[in-house]
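I opened the file to go through one helix, the core it belongs to, and a few positions on a partner helix. These are my notes in the order I looked things up.

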Amino acid sequence: MPLLGPDGQSMPVNQGELVAERLVQVNQQSAQIKSSATGFAAAAGTGFHIEPEAAATLIKSCQDALHELNLIGRDVDAVSQVPKLGRTPGADVVAPFTQKVATDDQGIRPAIDNLKQTLNDMIQGYQKASTNYAETEAILAKSLQAQQASLPHYGGNRAQ
């Protein structure tokens, strides 16, 4: 029996497999991004630093991305519901598949949730790296002041 699409027409059997395969790839990429963000946050905790202005720009980008992800959350919620496609043989196949794509472990919902967590981790890392930069600058300034204070002072003109 051929697999039918929502329009009642025959759908290639491998199309559903292609969608599932692509979702696996998206989840793998999501996991890699999360791992990189975790590594970045750990590096920031060990003294990695970024100029505060650069960190602010990166943080704003992450916050903008989080805002966009929150906006599409309603659409993902809609996809998470079983679509009302009727009781045709095609609908009986497509409706549960559509819901599964949104909600299973390899679905869009976990990928988006993972991305949100990654963006939050990156924000924390950028904040820490910015703080590290400010602390390093303060230490260097204090060190230079101490060195300058310890240098002998000569009155009048220098050697001519």
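I began with the length of α2. The model is predicted, and in it α2 has 29 residues. From first C-alpha to last I get 40 Å, close to the 42 Å expected at 1.5 Å a residue.

I then looked for a bend. α2 bends by about 35° at glycine 73. Gly73 is also on the list of buried residues of α2.

Next I wrote out that list: Ala55, Ile59, Cys62, Leu66, Leu69, Gly73, Val76 and Ser80. Residues three or four places apart point the same way because an α-helix has 3.6 residues a turn. I checked what the buried residues of α2 pack against and found α3 (89–103) and α4.

I turned to the largest nonpolar core. It has twelve residues, namely Ile50, Ala55, Ile59, Cys62, Leu66, Leu69, Val76, Ile112, Leu119, Ile123, Tyr126 and Ala129. The elements that give two or more residues to this core are α2 (52–80) and α4 (108–150). α2 gives the most, with six residues.

I picked out Val76 from that core. Leaving aside neighbours within four places in sequence, I find valine 76 in contact with Ile108, Arg109 and Ile112. Ile112 is itself listed in the core.

I moved on to α4 and took three positions.

Threonine 118 is in helix α4. I asked whether threonine 118 is buried or exposed. Threonine 118 counts as buried because its relative accessible area is 1%, and buried means under 20%. Its side chain reaches the backbone oxygen of asparagine 114 at 2.9 Å. Not counting residues up to four places away in sequence, threonine 118 touches Ile33, Lys34 and Ala37.

Glutamine 124 is also in helix α4. Its relative accessible area is 52%, so I noted glutamine 124 as exposed, the cut-off for exposed being over 50%. I also looked up its C-alpha distance to isoleucine 59: the two are 8.6 Å apart in space and 65 residues apart in sequence.

Serine 130 was my last position, again in helix α4. I put serine 130 down as buried because its relative accessible area is 16%. Which residues does serine 130 touch, not counting those up to four places away in sequence? I find Ile50, Pro52 and Ala55. Of these contacts, I had already entered Ile50 and Ala55 as members of the core.

Notes. Residues are numbered from 1 along each chain as its sequence is written. This is a predicted model: local features need pLDDT of at least 70, side-chain atom pairs count only at pLDDT 80 or more; totals for chains, interfaces and linings use all residues. Side-chain values use heavy atoms; hydrogens and water are left out. A nonpolar core is a set of buried Ala, Val, Leu, Ile, Met, Phe, Trp, Tyr and Cys residues joined through side-chain atoms within 4.5 Å. Buried means under 20% relative accessible area, exposed over 50%, partly exposed in between (1.4 Å probe, protein chains only). Helices (H or I, at least four residues) and strands (E, at least two) are DSSP runs, numbered from the N terminus. Contact means heavy atoms within 4.5 Å. The expected span of a helix is 1.5 Å times one less than its number of residues. The bend at a residue is the angle between axes fitted to the seven residues ending there and the seven starting there. A polar contact is a pair of N or O atoms within 3.5 Å; within protein, one must be able to donate a hydrogen and the other to accept it, and residues adjacent in sequence count only if both atoms are side-chain atoms.
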